[in-house]
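Me: Hi! I would like to learn how to read strands, sheets and empty spaces in a protein model. Could we go through one together?

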Amino acid sequence: MTNSQLTPGIVPGRLGAEDYARNFSDIAPRYDAHEARVAADRCYFCHDAPCMTACPTSIDIPLFIRQIATGTPEAAAKTIFSQNILGGMCARVCPTETLCEEVCVREVAEGKPVEIGRLQRYATDTLMETGSHPFARAALTGKRVAVVGAGPAGLAAAHRLAMKGHDVVVYDPRPKAGGLNEYGIASYKSPGGFAQAEVDWLLKIGGITVQNGMALGAGLTLDGLKADQDAVVLAIGLAGVNALRAEGEGLENVLSAVDFIAGLRQEPEKAKLAIGRDVVVIGGGMTAVDAAVQSKLLGAENVTIVYRRGPEKMSASDHEQEHATSVGVRILHNAAPVRVIDNGAAREVEFAYTEDGPDGLKLKDETFRLRADQVMKAIGQTLDGAPEGLAIEGGKIAVTGAGRTSVQGVWAAGDCALGGEDLTVTAVAEGRDAAEDIHASLMG
Ligand SMILES: Cc1cc2nc3c(=O)[nH]c(=O)nc-3n(C[C@H](O)[C@H](O)[C@H](O)COP(=O)(O)OP(=O)(O)OC[C@H]3O[C@@H](n4cnc5c(N)ncnc54)[C@H](O)[C@@H]3O)c2cc1C
Ligand code: SF4
């Protein structure tokens with residue numbers, strides 16, 4: 001018997017094969033050469049371009065768009081990669097609507113920006129598909145650097161260090177490199193195995209060894225790495241998940257949204273993934289939206305995001321919220337979970353309405369319940385596994401300058417490091433800058 005959206009419980013195969021194929025296809029397919037030239041022609045090639053200032057990796061956007069406009073996308077790609085070696089992934093996942101495209105003069109004047117993200121993808125895909133790598137290593141320095149964590153920050157640091165002539169070993173406990181590019185980003189933003197293709201392409205620079213199955217705190221120690229290598233970069237992301245702090249949190253089918261997404265990303269046949277008829281996602285950020293949207297795309301009948309404050313406080317952008325509602329996700333504001341009600345596993349969630357006043361968030365007496373076969377927690381991630389002895393501030397590794405930690409010879413970059421938004425592009429910028437600082441300090 002086949003399942004449908006109305007089948008009770010948590011089951012696979014709620015949709016037809018064509019629905020899965022459509023739902024998990026590329027959300028914004030790559031432009032062809034003609035479309036790219038037309039989009040590039042809208043750029044004014046501004047002097048002191050605001051888009052460039054808004055880009056955390058400071059890509060020379062007017063230059064790369066001009067290179068596309070003049071029919072040299074490979075040159076455009078090199079302009080992008082010189083600042084952001086993960087420019088291919090960033091072209092797919094950057095919230096451009098709150099970064100470069102938000103400040104584009106075309107957006108300000110006409111409400112329609114130059115499509116910088118899609119142009120970036122056109123250029124980077126064009127070059128990457130040739131299989132060539134646009135950079136070569138400098139003369140070898142004989143210096144060795146350990147990078148802990150193979151996410152965007154670690155990979156960007158490793159690439160820049162290798163380019164400068166240092167030998168790099170990247171350690172990561174997971175079977176594949178890429179961090180959240182591989183295990184977190186929504187499937188429809190990066191379909192077709194792009195994350196691994198990008199890692200393989202990045203490693204073509206040479207001089208980088210990736211050691212999977214190796215974790216700091218489980219076999220590796222900071223002292224050991226410091227003793228063996230000339231510098232260490234910590235790029236371990238945020239591996240912990242905040243607790244719901246509601247009764248029934250430990251019940252079956254109350255799960256971390258990040259784990260749900262990781263499982264979804266690793267399953268090539270989406271029809272095999274079991275999903276509830278009623279799914280409740282608790283949180284207000286990108287992870288909540290991605291978990292909710294993908295639950296809906298797997299065929300859940302009712303998917304509700306519940307956020308404890310008002311819409312203006314959600315960290316998911318307006319664009320992301322609109323995307324969620326456009327696929328049929330309901331978003332409820334000003335409500336917090338008080339308990340998960342069960343019959344052995346999750347059945348319903350009880351919420352209290354909240355009031356967000358000058359004295360903080362207060363729960364009101366009035367409550368309501370939502371049916372829930374699955375309850376997904378998307379209420380933030382936390383630093384987990386940072387080595388002892390490092391200064392921690394605001395729940396992250398304290399850094400000064402370009403990622404220098406409180407321990408000599410140890411840098412930190414990406415989500416695990418203090419400062420900057422938790423975005424792929426920010427992680428890349430921090431990894432790159434830490435690498436430049438390490439190079440200066442090793443060769444100085
Ligand atoms: C569900 C989800 C969706 C997202 N979507 C977007 C998006 O669309 N756009 C966007 O810009 N940003 C998005 N983000 C944020 C973005 O993915 C992160 O900001 C970015 O991946 C941070 O890079 P990082 O290298 O610091 O950390 P990570 O990508 O988390 O990589 C850290 C790496 O360190 C490894 N590691 C962890 N602990 C250890 C240890 N003890 N020893 C060794 N290695 C360790 C991990 O296995 C991992 O490979 C999303 C995040 C999530 C959770
Ligand atoms: S702000 Fe817009 S128009 Fe100006 S250079 Fe950037 S993309 Fe082009």
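Me: In which sense do β15 and strand β16 pair, and over how many bridges?

Reply: Good place to start, and keep in mind that this is a predicted model. Strands of a sheet pair through backbone hydrogen bonds, either parallel or antiparallel. Here β15 and β16 (residues 360-371) pair in the antiparallel sense, over nine bridges. You can pick out one facing pair: valine 349 stands opposite leucine 370 in β16. The two strands form a hairpin with two residues between them.

Me: Which strand does β14 pair with, and in which sense?

Reply: Strand β14 (residues 335-342) pairs with β15 (residues 346-357), in the antiparallel sense and over seven bridges. Look for isoleucine 341, whose bridge partner in β15 is glutamate 348. This hairpin has three residues between its strands, and glycine 344 takes a positive phi near 110° there.

Me: What about parallel pairing? In what order do the strands of the sheet with β4 and β21 stand?

Reply: Follow the sheet from one side to the other and you meet β4-β3-β2-β7-β21, five strands in an open sheet with parallel pairing. β4 (208-212) and β21 (410-412) stand at the edges with a single partner strand each, so one side of each has no neighbour in the sheet. On average, neighbouring strands here are turned by 20° against each other, direction ignored. Within this sheet, β2 (residues 144-148) and β3 (residues 167-172) are joined in the parallel sense over five bridges. Alanine 146 is opposite valine 169 in β3.

Me: Which strands stand at the edges of the open sheet that includes β17?

Reply: That sheet has five strands in the order β9-β17-β11-β12-β13, again with parallel pairing. Its edges are β9 (254-256) and β13 (330-332); each has a single partner strand, so one side of each is left without a neighbour in the sheet. Neighbouring strands are turned by 25° against each other on average, direction ignored. Inside the sheet, five bridges join the parallel strands β11 (residues 278-283) and β12 (residues 302-306). There, isoleucine 282 has valine 306 in β12 as its bridge partner.

Me: Now the empty spaces. How many cavities of 30 Å³ or more does the structure hold?

Reply: Rolling a probe the size of a water molecule over the atoms shows where empty space is left. This structure holds three cavities of 30 Å³ or more. The largest has a volume of about 120 Å³. Its lining has 16 residues, with Cys55, Cys94, Thr96, Cys100 and Gln120 nearest its centre. Helix α9 gives the most to this lining, three residues. By class, the lining has 11 nonpolar, five polar and no charged residues.

Me: Which cavity does ligand 2 sit in?

Reply: Ligand 2 sits in the second largest cavity, which has a volume of about 100 Å³. Of the 15 residues lining that cavity, Cys43, Cys46, Cys51, Cys104 and Val114 are the closest to its centre. The largest share of the lining, three residues, comes from α4. Around the ligand itself you will find residues including Tyr44, Pro62 and Ile116. The shell has 11 nonpolar, no polar and no charged residues.

Me: And how much space lies in the second largest pocket?

Reply: About 640 Å³. That pocket is lined by 25 residues, and Ile27, Ala28, Arg92, Glu97 and His319 lie nearest its centre. Its lining has 10 nonpolar, four polar and 11 charged residues.

Conventions:
Residues numbered from 1 in each chain as written. Chains lettered and ligands numbered in written order. Predicted model: local features only at pLDDT ≥ 70, side-chain atom pairs only at ≥ 80, totals over all residues. Heavy atoms only, no water. Near = heavy atom within 4 Å. 1 Å grid on protein atoms, 1.4 Å probe; cavity = no way out; pocket = protein on both sides within 12 Å on 5 of 7 lines; lining within 4 Å. Sits in = over half its atoms within 2 Å of the grid points. Nonpolar A, V, L, I, M, F, W, Y, C, P; charged D, E, K, R; others polar. Points joined across faces, edges and corners; volume = space filled by probe spheres on them. Pairing = 2+ DSSP bridges. Helix = DSSP H or I, 4+ residues; strand = E, 2+ residues; numbered from the N terminus. Axes fitted to C-alpha atoms, helices over the stretch in contact; angles between N-to-C directions.
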